[in-house]
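Here are my notes on the model, set out as numbered points that can be checked one by one against the coordinates. I begin with a pocket, go on to the nonpolar cores and some single residues, and close with the overall figures.

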Amino acid sequence: MTDRRLQHAVHIVGAGLLGTSIALALREKGVDVTLDDVSPTAVALAVDYGAGRAATPDDRPGLVVVCVPPDVTAVTVAAQLEAHPEALVTDVASVKAQPLRELLALGADVSRYLGTHPMAGRERGGPVSARADLFVGRPWVLAGHDGISYGRAAAIEDLILDVGAVPVEMSVDEHDRSVAMISHVPQLVASAMAARLVRAGDGAVGLAGQGLRDVTRIAASDVSLWVQILQANAGPVGEILHALRDDLSAMIEALENPEQAGSRRQTAELLAAGNAGVARIPGKHGSSRRFAQIVVMIDDTPGQLARLLTEIGELGVNMEDLRLEHSPGAPIGFAEVSVLPEAELTLIAQLEQRGWRIAGAS
């Protein structure tokens, strides 16, 4: 195909969710992709899904992408640098400083290595969960270091652009501090909150709504993988947890003495800071623009959600985001549809004309 940037054959080590998704996206561009994994079954599945072909000793890739757990990333990258002396090698591990330190300690040729991290994933892993569009519009960090220039690593940026992602340049330390804030500490917060549910009464759990589901959604993540990630990024994660602990301690003191002067102000300031912080979270495809939310009531009958989405499309409104809330056994659910503010009133009026019940808007 002529619309691709990457002109090298690509070898992917690790046929899991990320590795197979990268492979699928590259194959759509016509790139020659070879696959390897410690599990022959994973390779066979990825090949069956059209992600490429099994690697052979005669392959000469120009770019190698290592997609393995963090605790074996460095040794795997080092092995690939040695096995393919002409190739550029990258990895997609969610920590960047530790693998680089380990590679330097191993004496690896880091002039051909640049670590990266796609900010994309799914709650389910493995090649069967892979998607060619997994990275579309998502940030993909290139974690630079002194041993290699971005110019020499141009093929990695070509890959990122070819799979539809947005390249973001950072140092390894800046990356690790950033993901500690936006990924690693949120994982711990979600897990800590979800852990409180283990001994909660059935009555309390039965009342759970979307708020609890939102806070705890990522708590179902892979335990062994997250132990590796958190250990590898312990310093930056620990710093944020100390600050979070200070906020919680101040909040506990205010709640233990609710009539004490300043306790209400303490509570209000933390909540207001939360408002300010959440307002900074980018929207669709990294946009900082805020969207309007319309909450539509949906009967719990087959085809209703599909009908709503179809009619929004027929009305020519671009849906920026969608969240669903439905308690088991309830006769209705709620679809929170995010749209551009200028489309809000028109969409509400047109949906009501079509018989939809609007439960709220903001």
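1. In this predicted model, the second largest pocket has a volume of about 160 Å³. Its lining is formed by I298, D299, D300, T301, L305, L324, E325, H326, I332, G333 and F334. Three strands each give two or more residues to that lining, namely β9 (292–299), β10 (321–325) and β11 (332–339), and the largest share, three residues, comes from β11.

2. How do the residues of that lining divide into nonpolar, polar and charged? Five are nonpolar, three are polar and three are charged, a division worth keeping in view when the lining residues are inspected one at a time.

3. The largest nonpolar core holds 36 residues, and those with the most contacts inside it are V10, I12, I22, L26, V65, W140 and L159. Helices and strands both feed this core: the elements that give it two or more residues are β1 (10–13), α1 (17–28), β2 (33–36), α2 (40–48), β4 (63–66), β7 (139–144) and α5 (154–162). The largest share, six residues, is supplied by α1. As general background, nonpolar side chains in soluble globular proteins tend to be buried together.

4. L26 is a useful residue from which to look into this core, since it is listed among those with the most contacts there. Once neighbours within four places in sequence are left aside, L26 is in contact with L6, V10, V31, V33, L159, D162 and V163. Apart from the largest core lies another, of 18 residues, which includes V64, V66, V68 and V77.

5. Is L103, a residue of helix α4 (residues 97–106), buried or exposed? L103 counts as buried because its relative accessible area is 0%, and buried here means under 20%. Not counting residues up to four places away in sequence, L103 touches A74, V77, A78, A108, V110 and Y113. One of these residues, A78, is 25 residues from L103 along the chain, and the C-alpha atoms of the two are separated by 6.6 Å. V77, another residue that L103 touches, is among the members of the 18-residue core.

6. T216 belongs to helix α8, which covers residues 210–216. With a relative accessibility of 15%, T216 counts as buried, and, with neighbours within four places in sequence set aside, T216 is in contact with A190, M193 and A194.

7. A208 is placed in the loop between α7 (202–206) and α8. Why does A208 count as buried? The reason is its relative accessibility of 17%, because the cut-off for a buried residue is under 20%. A208 and N275 are 67 residues apart in sequence, and their C-alpha atoms are 23 Å apart in space.

8. Turning to the whole protein, there are 13 helices and twelve strands, and the C-alpha trace spans about 65 × 55 × 40 Å along its principal axes. Of the 362 residues, 38% are buried. The protein exposes about 19400 Å², of which carbon and sulfur atoms supply 55%.

9. A last point concerns contacts along the chain. Among the contacts in the protein with a separation of 6 or more, 70% are accounted for by residues 24 or more positions apart. The pair L103 and A78, with their positions 25 residues apart in the chain, can serve as an example to examine, since L103 touches A78.

Key:
Residues are numbered from 1 along each chain as its sequence is written. This is a predicted model: local features need pLDDT of at least 70, side-chain atom pairs count only at pLDDT 80 or more; totals for chains, interfaces and linings use all residues. Side-chain values use heavy atoms; hydrogens and water are left out. On a 1 Å grid over the protein atoms alone, a cavity is a set of points where a 1.4 Å probe fits but cannot get out, and a pocket is an open set with protein on both sides within 12 Å along at least five of seven lines; lining residues have an atom within 4 Å of a point. Grid points are joined across faces, edges and corners, and a volume is the space filled by probe spheres set on the points. Helices (H or I, at least four residues) and strands (E, at least two) are DSSP runs, numbered from the N terminus. Ala, Val, Leu, Ile, Met, Phe, Trp, Tyr, Cys and Pro count as nonpolar, Asp, Glu, Lys and Arg as charged, and the others, Gly among them, as polar. A nonpolar core is a set of buried Ala, Val, Leu, Ile, Met, Phe, Trp, Tyr and Cys residues joined through side-chain atoms within 4.5 Å. Buried means under 20% relative accessible area, exposed over 50%, partly exposed in between (1.4 Å probe, protein chains only). Contact means heavy atoms within 4.5 Å. Accessible areas come from the Shrake-Rupley method with a 1.4 Å probe; for residues, only the protein chains shown count as cover.
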